[in-house]
Every structure is written in C-alpha cells, then in structure tokens.
Amino acid sequence: MNEDFSKLLSPFQFPVSGIQVDNRIVMAPMTTFSGNEDGTVSDDELSYYKERNRGAGLLISACAYVTPQGKAFPGQFSAYSDDMLPSLKRLAAALKENGGKAVLQIHHGGRMCPPELVPGSEPLSASAVAPVREGAVTPREMTELEIEETIAAYGEAARRAVEAGFDGVEIHGANTYLIQQFFSPHSNRRTDKWGGSLEKRMTFPLAVVDAVKAAVKKASDRPFIIGYRISPEELENPGITMNDTLALAEVLSEKELDYLHVSTMNFFGASLRDAADATPRAQLIYDKVGHKLPVIGVGGVSTPQQADMVLGTGVQLVALGRELLIEPRWLEKLKNGQLDSIETALDVHNQSGLHIPTPMWNSLLTRTGWLPLKE
Ligand SMILES: Cc1cc2nc3c(=O)[nH]c(=O)nc-3n(C[C@H](O)[C@H](O)[C@H](O)COP(=O)(O)O)c2cc1C
C-alpha cells in the first residue's frame, strides 16, 4: 500500500506564541501515579518521559496540582510552590532533550480529590454536590476567598512553568476536575457571580485563563504556549451539553490561546448524551472555532491511518495517550516507514523496556479494558 502520511509529519505553528512544532502528533497528558511523596517528579517518571520524548512534536506532561487542596491522585507531582522548581526544571529538560516542545498541564481536582490526599481531608468544589459514583464524598463549597486564591495559584503554577523552562502550559479544564466543575450545571449550583447562568458558569474558567495569561506575560521574555483542555459533554442531568461547550469554545477563541484540546476517550465516538448524534465532538468544535483557535483531537488513536483520519476532519493536531505507553517509538517508526512494527497492544512482559513506573504499570494492568494487552 502506498500511503501518504506527509500531513501528520508536517510542521505546525501555534498562532499566538508563534512556536513551531515539527509534526502534528501530540503526547496526551497521562498521570503516572509515580511522583515522590513530597510532590516532586521521581527518577522513574523522568525515565518514562525520556523514553517518550521522541514520540511527538508537542509533549504534554501529566497533570500537576496547583494547590495542596487540588491533589487528586497518589503519586501526583505538583507545581504549587517554588520549592518544586528544581523538580519542574528536571521534567522540562527531560521532555525537551530531543527537540520536542514541553507543556506542563496545570490542575486542581476539586471534588474528585480523595479526602485522604488533601489538607483537612476536605475536598472543595464550586458547590456541595457529590460526584455521581459509589461512595463519593460531598465536597465543601469554596468561599470567595478560596476561589480567588485558587485562580491565583493557577497563575503562579504557570509562572513556575516559565521559570522551569517549559515551552507552555495546558490549563486542565476537562475530565471532571475543578475548572469543569465550575462550568458544569451539575456541580455548580452557586447563585453568586461564579454560578447560575451559562455565562456565569464561565466566570471561573475565564478567570483562570486571564490569571495564567497575565502571569506568563509578566514572567516570560520568550514565546510561550497557552492551551486549554475541555471535556465537551457530561452524562449527568443537569450536565454540560454540546451547546454549552460551543458557547465556551467561542469565548475561549477570543482569548488569544494557542490551542483547545478536546478530551474524549474515542475521537470518532458519538455524543455521550445522544448516541444517535455521531459527529466527532472535536470536529463540531473545530467547525465552530477552529479557524481562530487550533483544535487538538484525541481518543482511541493507535495507527498512523487513524491519526490521519483525525486530521481529515480538519482538526490541526492529534494527541496519542495510551498508544504512546504501548509504543514510545511511534513517531520514529512512522518517519522510518516501519509501520508494521508499530505495537498496538501493551507487552505485559516488557515493563522495564517500556520504562513505565510500577504504580502506573499496575494500574494499567488491573483496570480491565483500559488498554489492549499482549500476553
Ligand atoms: C494512565 C492515564 C492517565 C491519564 N492522565 C491524564 C492527565 O493527567 N490529564 C489529562 O488531561 N488526561 C489524562 N488522561 C487522558 C488522556 O490524556 C487521553 O485523553 C485519553 O487516554 C484518551 O486518549 P488515548 O485513547 O490516546 O489514550 C489519562 C489517560 C490515561 C490512560
């Protein structure tokens, strides 16, 4: 078969920072559960990233919490204080050493934080509404002061990313975490300026964007990428609908961001809220704002053919998550025409060869159906 993957391998320039990446492949952010107890990045994580730093033009780190109250996973590393700068510098250097551009994902778990991981054993959120899941804890509604401090903490984390040598930050507004909780009519029942109408539910996400932009402008004397990740829909009722998301995307597209990363587990999957609605969510968003805000699509992409189909919908960049766990050399193999040797199932006997830290490895093997396994 004579296949042409030149589009995947073509460079892309981000519109605001002007930073150029060599190709259209992005490493999706993936939590490793393997950081040190003190919030620093561990040696095993550095080895994991070094193994994957030839995998994509843009490399997004696992999410880093911006305040201790935002820690959502055991072994999550952090960006919440200047004490983390040496750790963040090591991470940026590991990601960048082969020419890829390094982005730090900044995050607060809100009501998704396990109580035992946060100070006072008390998860916080927009409102005191528990997530819909077995045994979920009801969070405490944040005070105005806590909201303002948290917004400032995102800005401070972005400043640290600049100082640590990253090429950018991704604001984690997806996957049910705090920023999404403020945007969601399920988790945000506030009646003050932070909640109520669709417009008011945007107040917190937009304030975080403004804080990050201001912090980067102040701290950086070099081009710096600012991206934003969203989850387009929620299953809950009330919950985020596609109309909500298109409205948010429209407003974000006026914010001079470099990209919008549309988090889905299956790029070509149907709407979560209406199985009959089969257009990829990222494509709908691209159709609305893609001409001014580049879109990254993600979810279930394993082969170059699939990645090429994603770009065929118009979205400018395609992210690979689980596939880069399975096949760290994906991009090299594509470039070298070794398509047949691209692995698409995790070799369960090759943890050390794949440089996957043990806590992450264990979670990948025990969560059934998360990724294809090769016994
Ligand atoms: C082990 C693992 C950890 C993840 N951690 C994060 C994370 O830290 N931040 C985030 O936004 N998404 C996270 N995700 C979601 C991925 O970025 C991605 O959107 C999802 O896995 C779908 O893409 P894929 O099919 O290419 O893996 C994680 C996914 C996996 C499998």
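This is a selection-by-selection tour of a predicted model.

**Before you start**

Residues count from 1 along each chain as its sequence is written, and side-chain values rest on heavy atoms, with hydrogens and water left out. In this predicted model, local features need pLDDT of at least 70 and side-chain atom pairs count only at pLDDT 80 or more, while totals for chains, interfaces and linings use all residues.

**Stop 1: the annotated span**

Select residues 8-338. UniProt lists this range, in an unreviewed entry, as "domain: NADH:flavin oxidoreductase/NADH oxidase N-terminal". UniProt positions follow the numbering used here, feature names are shortened, and annotations may be inferred rather than shown by experiment. Over residues 8-338 the chain is 33% helix and 15% strand. The end C-alpha atoms of that span lie 15 Å apart. Helices (H or I, at least four residues) and strands (E, at least two) are DSSP runs, numbered from the N terminus.

**Stop 2: the cores**

Select Leu104, Ile106, Phe166, Phe204, Val212, Tyr228 and Ile285. In the largest nonpolar core, of 94 residues, these touch the most other members. A nonpolar core is a set of buried Ala, Val, Leu, Ile, Met, Phe, Trp, Tyr and Cys residues joined through side-chain atoms within 4.5 Å. Buried means under 20% relative accessible area, exposed over 50%, and partly exposed in between (1.4 Å probe, protein chains only). Now add helix H3, residues 144-164: its nine residues are the largest share of this core.

Zoom on Val212. Beyond its neighbours within four places in sequence, Val212 is in contact (heavy atoms within 4.5 Å) with Ile106, Tyr154, Gly155, Ala158, Val169, Ile171 and Ile226.

Then pick Phe12, Ile19, Val21 and Val298. They are among the 15 residues of a second, separate core.

**Stop 3: the second largest pocket**

Select Val16, Ser17, Lys213, Val216, Lys217, Phe224, Ile226, Glu256 and Asp258, which line the second largest pocket. On a 1 Å grid over the protein atoms alone, a pocket is an open set of points with protein on both sides within 12 Å along at least five of seven lines; a cavity is a set where a 1.4 Å probe fits but cannot get out; lining residues have an atom within 4 Å of a point. The pocket holds about 210 Å³ of space. Grid points are joined across faces, edges and corners, and a volume is the space filled by probe spheres set on the points. Helix H6 (residues 203-219) gives the most to this lining, with three residues. Colour by type: four lining residues are nonpolar, one is polar and four are charged. Here Ala, Val, Leu, Ile, Met, Phe, Trp, Tyr, Cys and Pro count as nonpolar, Asp, Glu, Lys and Arg as charged, and the others, Gly among them, as polar.

**Stop 4: the cavity**

How many cavities of 30 Å³ or more does the structure hold? One. The largest cavity contains about 50 Å³ of space. Select its lining: Gly173, Ile179, Gln180, Phe183, Tyr228, Ile230, Ser231, Ile240, Thr245 and Leu248. Helix H4 (178-183), E9 and H7 each supply at least two of these residues. H4 has the largest share, three residues. The lining splits into six nonpolar, four polar and no charged residues.

**Stop 5: the loop between E9 and H7**

Go to Pro232, in the loop between strand E9 (225-230) and helix H7 (242-252). Is Pro232 buried or exposed? Buried, with a relative accessible area of 4%. Its contacts beyond four places in sequence include Ile240, Thr241, Val262, Arg281 and Ile285. Try a distance to Ser271: 9.0 Å from C-alpha to C-alpha, with the two positions 39 residues apart in sequence numbering.

Pro238 is in the loop between E9 and H7 too. A cis peptide bond joins Asn237 and Pro238, with omega about -5°.

**Stop 6: Asp167**

Asp167 is in the loop between H3 and strand E8 (168-173). Asp167 counts as buried because its relative accessibility is 10%. Its contacts beyond four places in sequence include Ile19, Lys96, Lys101 and Phe224.

**Stop 7: helix H1 and two backbone angles**

Select H1, residues 43-52. Its buried residues are Glu45, Leu46, Tyr48, Tyr49, Glu51 and Arg52. Their cover includes strand E4 (58-65), helix H2 (85-96) and helix H13 (358-366).

Finish with phi. Phe33, in the loop between E3 and H1, has a positive phi near 55°. Phe33 is partly exposed at 23%. His355, in the loop between H12 and H13, also has phi near 55°. His355 is partly exposed at 30% relative accessibility.
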